[in-house]
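Open your viewer and settle in for a short tour. We will go from one selection to the next and look at what is there.

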2 protein chains.
Amino acid sequence: MTTETSHPSVAAVRSTEEQYVEVIGLLEEQNSPVGTAPIAENMQLAMPSVSEMLKRLADKGLVTHAPYEGASLSEKGRMLFANVIRRHRLWEVFLTQHLGMSWHNVYEHACRLEHGTLEPVTARLGSFLGNPEYCPHGSPIPGADGTWPPSQGQPLLEMPIGSEYQIVRILQENDADCLTFLFERDVMIGTVVRLMDIASYDGTVSLDVSGKPVAMGTRVASRLRVTPIVEMRGNASGEST
Amino acid sequence: MTTETSHPSVAAVRSTEEQYVEVIGLLEEQNSPVGTAPIAENMQLAMPSVSEMLKRLADKGLVTHAPYEGASLSEKGRMLFANVIRRHRLWEVFLTQHLGMSWHNVYEHACRLEHGTLEPVTARLGSFLGNPEYCPHGSPIPGADGTWPPSQGQPLLEMPIGSEYQIVRILQENDADCLTFLFERDVMIGTVVRLMDIASYDGTVSLDVSGKPVAMGTRVASRLRVTPIVEMRGNASGEST
DNA sequence: TCAAGAAATTAGGCATTCCTAAATCTCATG
DNA sequence: CATGAGATTTAGGAATGCCTAATTTCTTGA
Ligand SMILES: [Mn+2]
Ligand SMILES: [Mn+2]
Ligand SMILES: [Mn+2]
Ligand SMILES: [Mn+2]
C-alpha cells in the first residue's frame with residue numbers, strides 16, 4: 001500500500017514526515033488547528049520550510065491544510081500519530097525503567113529511537129514492558145490498535161487552594177528545560193504538593209513540596225495535572241467503608 | 001568538532017554515512033580494499049551512487065579511496081565503524097535475549113535502531129545487557145573504548161572431516177536468506193555438528209546435526225566458524241587436571 | 001476604516017542522496 | 001600486444017528538505 005520509494009537507507013524520508021506528524025499531533029492537543037509558527041518553533045525550522053512541508057503532507061493525505069488556516073491531522077494522520085506516539089512512549093518507559101535514565105531527558109532519545117522501530121519490535125517491546133498505559137510523564141500510550149487510555153489528572157491551576165494533590169502528569173514533555181526546572185525542585189510524577197497560593201498580580205504559583213516551598217510561573221504551573229489527595233482524618237491506612 | 005548542520009531532523013545525514021561505513025567495514029573483513037560493486041550490491045544501490053558517496057566519505061576523512069582501487073576505512077572511519085557495530089550488536093542482543101526475537105532476523109531491526117542511538121543510551125544499554133562480548137551471531141562487540149574482543153572459531157571447511165564441532169559464529173549476518181536457510185536446518189550458534197563430507201566435485205558439505213543429515217553449498221558452509229569438541233573417553237564431566 | 005504588525009506563503013537557492021546513460025579504465029587472454 | 005568484458009567513474013537529472021528574502025494575507029486597534 002505504502003508507496004515504497006527505492007530508498008534503502010534507513011527510513012530517511014519517512015522519519016521526517018513522522019516527526020512532523022508527531023509535532024502537529026502534540027500541538028493540536030493544545031489548540032487545533034495548528035499554525036505554521038508553532039510547528040516551526042517546536043522543530044527549530046524556518047517557517048517556509050514548514051509551510052512547504054504542510055503542503056506535501058496535505059498531498060499525502062496526512063493533514064488538512066488550507067492556506068493561512070493552519071493544519072490538522074487527517075484520519076490517516078491521526079492513525080500514524082497514535083502509532084508514533086506509541087513507539088515513542090514505550091521507549092520512554094524502557095529508557096527510564098530498564099536503563100535507569102531520568103524522566104526529564106528521555107524525550108529526545110525516544111524521539112530518535114521511535115523512527116527506527118518497526119512493528120515487530122514495537123509489539124514485542126510493548127509486551128516486554130507489560131503494555132504500560134502511561135509514559136514516565138503521565139501521558140497516555142496508545143494501544144497496538146490505536147486506542148488511547150483515558151487522560152489522567154486535572155489542571156493544578158483549577159484546583160482549590162490549600163489542599164494537597166498528587167502530580168500525575170506533566171504536559172509538554174518535549175520541553176527539556178521545563179522538565180529540568182521541575183526535576184531540580186523535586187516536582188515529578190507521584191510527588192504530593194500542597195497548593196499554597198496563586199498570586200493575583202502575575203499568577204505566580206507557590207507550592208509546598210514535603211515542607212519545602214517551591215515557586216513557579218503560570219506557564220510552567222499550567223502544565224501540571226494532578227489528582228486530589230483524600231485527606232485522612234485519624235485513619236492512617238487507606239481502608240474505606 | 002563535528003560540523004553540525006542546522007538539520008534538526010533526526011540525524012538524517014549522519015545515518016546514511018554511518019550505514020556506508022558499517023557496510024564498508026563489514027565487507028573489508030572479507031577482503032580489503034572493498035570495490036564499489038560489493039558495496040552497491042550490499043546496499044541495493046546503483047554503482048554511481050556508491051562511487052559518488054565514496055568520494056564524499058574520502059573528503060570527510062572516513063575512507064581512503066583512489067579511483068578504480070576500492071575503498072578502505074581510515075583510522076577515523078574505523079573508529080566510527082567500531083562504534084556503529086557496538087550499537088548494532090548490543091541491540092541485537094537486546095532484541096533476541098529480552099524481546100525474544102530470532103537471531104536470523106534481528107539484523108535489520110538493529111540496523112535501524114543503531115542510527116538513532118546516542119552515547120548515553122549505548123552506555124546504559126551495554127550495562128543493562130551485562131556488557132556482552134559477542135552478538136547472537138557470534139561476532140565480537142567492541143567495547144565502549146573501541147577495542148574488539150578476540151574473534152571466535154575457525155573456518156569449518158578447514159577442519160578435519162569426521163569430527164564434531166560446535167558452531168560459535170556465523171559470518172555475513174546481514175544475509176537474512178542465508179541465516180534463514182541455516183535456521184530452518186537447526187544450524188545455529190551452539191549447535192554441535194559432525195563434518196561428514198566435503199564433496200571433491202563441487203565442494204558440497206554434508207553435516208550431521210544431532211542425527212539429521214544437512215547439506216549445504218560451499219558459499220554457505222564457508223561462513224561457519226567452529227570450535228572443536230573434545231571427544232570424551234569415559235569421562236562424562238568436563239574436568240581437567 | 002485603515003494602517004501597522006503578525007502570520008503565512010512564494011520565489012529562488014542550496015546540500016544531500018539517489019538514478020540512468022554514457023564514457024573510461026583495468027585486466028586477462030588470445 | 002590488441003581487445004572485449006567487467007568494473008568504475010562522469011555527466012546530467014530528480015526528489016527531499018532546508019534556508020533567506022520578498023510578498024501576500026490576516027488581524028487589530030487607532
Ligand atoms: Mn521523533
Ligand atoms: Mn512521555
Ligand atoms: Mn544500520
Ligand atoms: Mn550479529
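Select B:His115 to begin: does this residue count as buried or exposed? B:His115 counts as buried, with a relative accessibility of 8% (buried is under 20% relative accessible area, exposed over 50% and partly exposed in between, with a 1.4 Å probe and protein chains only).

Before moving on, a word on conventions. This is a predicted model, in which local features need pLDDT of at least 70 and side-chain atom pairs count only at pLDDT 80 or more, while totals for chains, interfaces and linings use all residues. Residues are numbered from 1 along each chain as its sequence is written, chains are lettered from A and ligands numbered from 1 in the order in which they are written, and side-chain values use heavy atoms, leaving out hydrogens and water.

**Stop 1: the manganese ion**

Stay with B:His115 and add ligand 3. This manganese ion is coordinated at 1.9 to 2.5 Å by B:His115 through NE2, B:Gln19 through OE1, B:Glu114 through OE, and B:Cys111 through both O and SG. Donors here are N, O and S atoms within 2.8 Å of the metal (3.2 Å for Na, K and Ca); water is not among the atoms, so sites may look incomplete. Along the chain, the donors follow the spacing Q-x91-C-x2-E-H. B:Gln19 sits in helix α1 of chain B and B:His115 in the loop between α5 (106-113) and α6 (119-129), so this pair, 96 residues apart, links distant parts of the chain. Helices (H or I, at least four residues) and strands (E, at least two) are DSSP runs numbered from the N terminus. B:Gln19 is also buried, at 11% relative accessible area.

**Stop 2: A:Glu18**

Now move to chain A and pick A:Glu18, in helix α1. This residue is buried, at 1% relative accessibility. Its side chain makes polar contacts with the side chains of A:His115, at 2.6 Å, and A:Arg87, at 3.1 Å. A polar contact is a pair of N or O atoms within 3.5 Å; within protein, one must be able to donate a hydrogen and the other to accept it, and residues adjacent in sequence count only if both atoms are side-chain atoms. Leaving aside residues up to four places away in sequence, A:Glu18 touches A:Leu80, A:Val84, A:Arg87, A:Glu114 and A:His115 (contact means heavy atoms within 4.5 Å).

**Stop 3: DNA strand C**

Select strand C and the residues near it, meaning those with a heavy atom within 4 Å. There are 22 around this strand, and the closest are A:Ser51, A:Lys55, A:His65, B:Ser49 and B:Arg56. Of the strand C atoms within 4 Å of the protein, 67% are sugar and phosphate. Which helix supplies the largest share of this surface? It is α3(B), with five residues. For phosphate oxygens, look at polar side-chain atoms of A:Lys55, at 2.8 Å, B:Arg56, at 2.8 Å, and A:Thr36, at 3.0 Å.

**Stop 4: DNA strand D**

Finish on strand D, which is surrounded by 22 residues, the closest being A:Ser49, B:Thr36, B:Ser51, B:Lys55 and B:His65. Here α3(A) gives the most to the nearby surface, with five residues. Zoom in on the phosphate oxygens: a side-chain N or O atom of B:Thr36 is 2.9 Å from one, a polar side-chain atom of A:Tyr20 lies at 3.0 Å, and A:Ala46 comes to 3.0 Å with a backbone N or O atom.
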